[in-house]
Every structure is written in structure tokens, then in C-alpha cells.
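Reader: I am new to this structure and would like to go through it step by step. Please show it before the questions start.

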Amino acid sequence: MEEILLSNFGELLFQYRKRAGRSQQELARLSGVSVRALRELEHGRARAAQRRSAEVLADALGLEGGDRAGFLKAAQDGRRRGVQPPPGSLWVDLPLLPVEQVGRDEEVDRLRQLLAVSATVAIVGQPGVGKTVLAVLAAHRLRQQFPDGCFAIDLRGVDDEPLRVRMVFDRLLRAFGLAPAEIPATEAEQAGVYRATLAKRRVLVLLDNAFNEAQIRPLLTSASDSRVLVTCRRTLAGLEGVRWLHLGPLSELSARELLHAFVGQDRIDAESEETNELVALCGNLPLALRIVGDRLATRLQWSIGYLVDQLRDEGTRLTSLSAGDLQVRRVFEVSYRRLSPPARALFCRLAVVPGTDFGIELVTVAGELTEWDAMGVLDELVDASMLLTGPQEGRFRFHDLLRIFAKERWKAEHESGERDRITRATVSHLLGAASAAGMRFYPDPPPDEVFDSFDQARDWLDLERSNWLAAVRKAARMGWHAEVLALARAMHWYSDSYWTVLPWEEVFRLGLAAARALDDASAEAQQLNFVGWAMRKVQDDGAALECHLEALRVATENGDLLEQTWALAYAGTNRLRLGQREEALTDLRRAVELAADFDFWTVQLPVGHRYGFLLLDSGRAAEGLAVQQGVYAHAERLLSAERHEGRLLIAAQVLEGVAQCQYALGRWEDAAAGHAAARHVYVDSGSDVLAVRAGLREGQCWIAAGDHEKAHDALDFALVLSEEKALPTWSAEVRAALARLSSS
């Protein structure tokens, strides 16, 4: 059993309770001591327990022998002299340590490692992330390494008047044991005495809530055995020789452990899904989690689900995240007031960015700034931990709760006209750029003044996916029907290559609603076909067929032969999947006839490709091969005159159609070569799902041909890419193929 070395009664109570695996609520039930009394004892805000209370607590904790005797002795000593710091430590204005000390073991270990090699370590992070808690917890756990004492002082860096350096020196030197007469009058002389004292001792000095470099620099030390630990909300980049620990929100597991410490495992287990949502609504922020934990611990009649219902509304979430003097909004406000006026303005304006993260492009639009000016203000926001760096270089993001706070400040401090102008400019920019990028995937793209290349357009769509998707939703709510319809139309060919990455049914239903609002029958039929395509991609063939038949009706009434062609081609594919083989052949043949009057790339090729697959799936592989080869031969002739990425992509899909027919006819090596050629096109275009699919099909062809080495190469490629791009369904299929290969 782990030995408990502490002598302070509150610390002993906490450590024994954690060792027993009891929450405060559970211990209160077993001992009869109230949750509030337990909390006050463990926080050190109350004198040690009375004798009878200490005895029932020892019984409830199962303490025996020396543990029990030491526990009761600590209670007795505490009653005699009041609550004192543990021997060997002196805390000067130390913020009280929350008793729920969970979730930061890795960070404490990291601090231990950094302090072993550096005289000064600084913890930086956003408001409410638990910097002080971590620093004090680490100091407690490391204090045996500092026999001459651990000292801490709140520098009040977030107050209107941070503590002056002379006052810091005065307090620390007094804590070191110097008499007032021994403390020099000038700051320079105080610094000399301070460093000389540290050089002769082995101490840890915690400087909490640092304001700036000027406040910290005189307090640093080069003493070989003493250490300085700093906490700050902004990165103090001007300090030299400092190791940094950037503290983020808790992991999912640690966040649940923190809630467990407040409410007990029974309540967590009874509402596991609600607990997960509660953690998400708190953004895994320790301060927010402590607040909701405290509210649940003191309101036993509340379910976790009830509190979740209160927090779902963004408009009231920050108000709900308060318990006594603990308030998430208040700690955010302190940091917000410290920002420069330009940084406060940009912080608010960035609340209009609709997605999860953003780059300098959107910052300049929302902030109405040049790129040069924007970078300077962004640096201030990141240094102040009011913005976080994003998942990729040059990207930024809000913590969820800070985004809500930014929206509050945006509404409270900026006129409605300005808010409307910036919102419209941001949404308009995103829709325009997304539409231009989507059109790059068309076989015959129009002139593009937004993107210099196909690759640039593809990368933008991927990088800004959360933003332009959120923008089209917002545009639909604002009644921007023409813009929503334009985007939905622009995504037609892009969606063919990236069907797994977006909720396409939603996008095209927004386009359908916009077409109907505009009373545009041709657009309505088109968007019905797009919706049906999206539904087939999620295996809802019956509903998809209904969409295409409705599109056929609308297009026929409107005399729109193009959408009739598409409706018949799509409907034929769905009918085949539903077992309606003859009806499918009738629809596709009619579609092929109508397609003859339209463009090869945008109509004849895809319709002919579908007809070839229909023949293959009908057991007529030779006929299907002839159709697919005819379509591909025509595409090759046109590509020799003009190559374009959009055309290369759809030609590669026809080539795969040829290969599938060859596979069915037993021409496995020819089929493998076709899939390999298509795979290279997909890789070059960044079409990851298509590349994985082609690699899987190529491997299957080589297995059939008996060439296991080439099969392994193709399947290994598909496995690596599917796992790298987080495509679990495809990874499972590839692994199954590799397993079959290994067993053959």
C-alpha cells in the first residue's frame, strides 16, 4: 500500500479518500459528515475535524494501525493550532488548491522533467485551463526535492495593478526568514540578496499569474539547486533561458475522472452519454468542469441530463457555468480587458467565422485588415491565449467557450450595422470561393479568377471545409437563394470524387430548397437528381429512386431534356440495385439516346459509363466492355488535344469501368493495369477515396492472376492511405483482402 507522508489534516483526508476510491459524496454518506464540511476540510478552509468526526471519517475510510493513529493525531494537532502549512513549506498568498487533483499526471511528470534541466519553467495557457492548479499540485508533489522550502506568491498579473517587483522581493525575502531590517530599500539591492539567498539554498519559488517580462525577469535565478516556476496567460517571449509548458484542456478520460471526483462513479455510470455531452459542452476546460461538478455535488436532486439541457443553449451557457465566485465568463473578461483595442476588435469579429478553424485569408476578411496588420494582431491574441493555434500551420481556432464569449462581446460592443456587414462579407467570400473551387472539377470549367490551379482549389475546399459548409447553411437561413443554388451546382463534379467527406444530401437539399424558392424548375429537377445521387451513396436506393422519378416528372413538364437524361441515367442505376433489371435497361437506353444531343464530357461520357456498368451487372460483361472501351477511346482522343484535371478524373473512372469488365471476363492482368493507371490519376488529384478503391481493386485483380507480390504492393498502398486519411470502412475492406491473400 502506498505510504502517505503528509501531516496536514486536510491533505491526509484527501489522500486517504482518493486511495479508498471514494468521492466526497460517497464519504459523506458513509460517515455522516456533510459534503460541504468535507470540502472545507480538504481545501484547508476549516480547522481540523472534531474528535468524533475524525473517528467516523477514519472508520469510513477503513483506516487501521499507524494510518489511523496518524490521521487522528493530525486532527488533534490541527484543533490545537489551526490549519498550518506542511512542515518544510511556506506558501505566501498561495491560491487554495482544489481538492479534485485528477487529470494532470502527465503534465506534472513533464514539469518534473523540465525542472530537472532548467532553472525556470513557465506554464502558459488560456483562462480557466488550470495553470495555477497544476503549478501548486506540482509544487506539493516535488517539495521533498526542495528541503529549504517551497514558496509561492500571486503576482496579480491579471489585476488592474499587478504586484510591483519591490513588493514581491519584500514578501519573498521575509518568507525566506530575513528580518525587515535586513531587507534593502532598493530593488537592485533586493535582487542581490534574493539571488544570494537562492544560491545557498535548495528552494522552489512559484510565481503565479505573471504580468509581463519586466515583472518576472528580476525574479529569475541561475542558482544550480533552486528553481522558479511561473504561470502566465500570455507567452512571455522576451524571457531567455525559460522552458515552456503549453497547457491545454483535459483529455476526455481525465475530464470524466474530474467529474467522478465530484459526483461519484454511480451517477457517471447511470448517465454515461449525458456525461460525455457535458464534457463536450464544457470544452474539457477544467474550470468549467469544476463548476458543473460543484453544482451537481451540491444539488443531489439534479440529474446530469438536467444540467446538460441548461448548457445546450449557447446564449446562456456562460451564465450557467458559474458557481459562487467561480465564473468562466469572469476569467475570460480579465484576459479580454488586457488586450489592445485592435486585438479586442479582431477577437470579436472572428466570432463570425462559422467553421472550426481558419487561416489568415478569413482573418483579413472578417477583420477588414491587411495581411501584414492581421498577423501582428493574431500574434497578440495567440500570446494572450485568447486564440489557439489550429491543427495545421498557419491555422487558428477558438476554444468553444471562448468563441461563445467572443460572440457575446461582438454583440455587446459593436453596432448591428457593423455586425451585419462583416457577417455578409464573410459568408459571401466563403460561398464565392467555394463555388469557384468546385467549378474547377468540371470537365469544362469556366475561367477562374480566384484560384491559380486545380490543386489550389482542391486544397482550399479541403482546408476550409467546415467554413464553407457552415456558410451555405447560414446563407440558406438568410434567404440567399441564388448563392446557395450556385454553390450546390458548383459541387456536382467535386462531390463525385469526394463523396465520403461531406453531408452531400444536406448540401443538395439546401440547393433544392433554393431552386424552389426561386421558382426555377430546371434547377429543381437538377437538385432532385443531386439529392437522389447523395441518397444512393448512403445506400438508400428506394428513396433515391423516388427523387429521380420526381426529377424526371419536373423536367418533363418543363421540357428540360438535359435533366430528363440525368434522371433516367440515375434512375436506371437505382432500379438495378433494387432488382428491377428490365426497367433499368429501358431507362439507361433512353438516357443514352438523349445524351447524344449533349456535350461528351458532361453528359455522354457519364451516361455511357453508367450504361456499361449496367450491362456488366446484368451478366453481359463483353457488351459492357465494348461500351466502356468506346467511351474511353473517345475520351483519350479528346485528352490528347486538351488535358484538364476534371477530365482526367472522370476518364480514369471510365478506365476503371473497362478494368472491371475485363476482370469479369478473366483478363486479370489487363484489369490490374487499368486500375493501377487510374490509381495514379487519383493520387495526383488528391482523390484519396478513389485512390484507395483503385488500389483495392488492383490488388484483387493480382490475387486472381496469382501474382501475390504485386497484390501485396497494391493492397499495402491502399491500407496505408486509408489509415492515413482515416477511412475506416475502406481500411477494413483492404485488411480483409490482405487476410485472404495471406491464407491463400
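Reader: Where does Asp519 lie in the chain?
Author: This is a predicted model. Asp519 has a phi near 55°, a positive value in a residue other than glycine. Most residues other than glycine have a negative phi. The place of Asp519 is the loop between α27 and α28 (521-537).

Reader: Is Asp519 buried or exposed?
Author: A residue counts as exposed when its relative accessible area is over 50%. The relative accessible area of Asp519 is 71%, so Asp519 is exposed.

Reader: Which loop holds Arg156, and is Arg156 buried, partly exposed or exposed?
Author: Arg156 also has a positive phi near 55° and is not a glycine. The loop that holds Arg156 runs between β2 (150-154) and α8 (165-175). Between the cut-offs of 20% and 50%, a residue is called partly exposed. With a relative accessible area of 32%, Arg156 is therefore partly exposed.

Reader: How many helices and strands does the protein have?
Author: The C-alpha trace spans about 100 × 60 × 50 Å along its principal axes. Of the 744 residues, 54% are buried. The secondary structure comes to 38 helices and nine strands.

Reader: Among contacts between residues at least 6 apart in sequence, what percentage join residues at least 24 apart?
Author: The contacts in question leave out pairs that are less than 6 apart in sequence. Of those that remain, the share joining residues at least 24 apart is 67%.

Reader: How many aromatic pairs are there in the whole structure, and how is the pair of Phe441 and Phe454 arranged?
Author: A search of the whole structure finds 25 aromatic pairs. In one of them, the rings of Phe441 and Phe454 are 4.6 Å apart from centre to centre, with 55° between the planes. An angle from 30 to 60 degrees is called tilted. The arrangement of Phe441 and Phe454 is tilted.

Reader: How many residues apart in sequence are the parts that Phe441 and Phe454 tie together?
Author: Both Phe441 and Phe454 are buried. Phe441 is in the loop between α22 (416-439) and α23 (454-463), while Phe454 is in helix α23, so the pair ties together parts whose separation in sequence is 13 residues.

Reader: How are the rings of Trp468 and Trp504 arranged, and how many residues apart are the parts they join?
Author: The ring centres of Trp468 and Trp504 are 6.5 Å apart and the planes are at 40°, so the pair is tilted. Trp468 belongs to helix α24 (residues 465-478) and Trp504 to helix α27 (residues 504-517), so the parts tied together are 36 residues apart in sequence.

Reader: Are Trp468 and Trp504 buried or exposed?
Author: Buried means a relative accessible area under 20%. Trp468 has a relative accessible area of 0% and so is buried. Trp504, at 3% relative accessibility, also counts as buried.

Reader: Which residues form one aromatic cluster?
Author: The two pairs described above, Phe441 with Phe454 and Trp468 with Trp504, belong to one cluster. Its members are Phe441, Phe454, Trp468, Tyr494, Tyr498, Trp504, Phe508, Phe530 and Trp533.

Reader: Which residue gives its charged end to the ring of Phe146, and which lies over the face of Trp302?
Author: The charged end over Phe146 is 5.9 Å from the ring centre and belongs to Arg202. Over the face of Trp302, at 5.0 Å from the ring centre, lies Arg299.

Reader: Which helix gives the most to the lining of the second largest cavity?
Author: The structure holds two cavities of 30 Å³ or more, and the second largest has a volume of about 40 Å³. Its lining consists of Phe441, Trp493, Asp496, Ser497, Gly646, Leu649, Ile650 and Gln653, which divide into four nonpolar, three polar and one charged. Both α26 (492-497) and α34 (645-664) supply at least two lining residues. With four residues, the helix that gives the most is α34.

Reader: Which elements help to cover the buried residues of α18?
Author: In helix α18 (residues 341-349), the buried residues are Ala343, Leu346, Phe347, Cys348 and Arg349. The cover over them includes α17 (328-337), α19 (360-367), α20 (371-383), α21 (400-413) and α22.

Reader: Which residues does Leu545 touch, not counting those up to four places away in sequence?
Author: Leu545 is found in helix α29 (residues 541-558). At 8% relative accessibility, Leu545 counts as buried. With neighbours up to four places away left out, Leu545 touches Ala571, Asn574, Arg575, Leu578 and Gln580.

Terms used
Residues are numbered from 1 along each chain as its sequence is written. This is a predicted model: local features need pLDDT of at least 70, side-chain atom pairs count only at pLDDT 80 or more; totals for chains, interfaces and linings use all residues. Side-chain values use heavy atoms; hydrogens and water are left out. On a 1 Å grid over the protein atoms alone, a cavity is a set of points where a 1.4 Å probe fits but cannot get out, and a pocket is an open set with protein on both sides within 12 Å along at least five of seven lines; lining residues have an atom within 4 Å of a point. Grid points are joined across faces, edges and corners, and a volume is the space filled by probe spheres set on the points. Ala, Val, Leu, Ile, Met, Phe, Trp, Tyr, Cys and Pro count as nonpolar, Asp, Glu, Lys and Arg as charged, and the others, Gly among them, as polar. Rings of Phe, Tyr and Trp (its six-membered ring) pair if their centres lie within 6.5 Å; planes under 30 degrees apart count as stacked, over 60 as edge-to-face and the rest as tilted. Buried means under 20% relative accessible area, exposed over 50%, partly exposed in between (1.4 Å probe, protein chains only). A charge sits over a ring if NZ of Lys or CZ of Arg is within 6 Å of the ring centre and within 35 degrees of the ring normal. Contact means heavy atoms within 4.5 Å.
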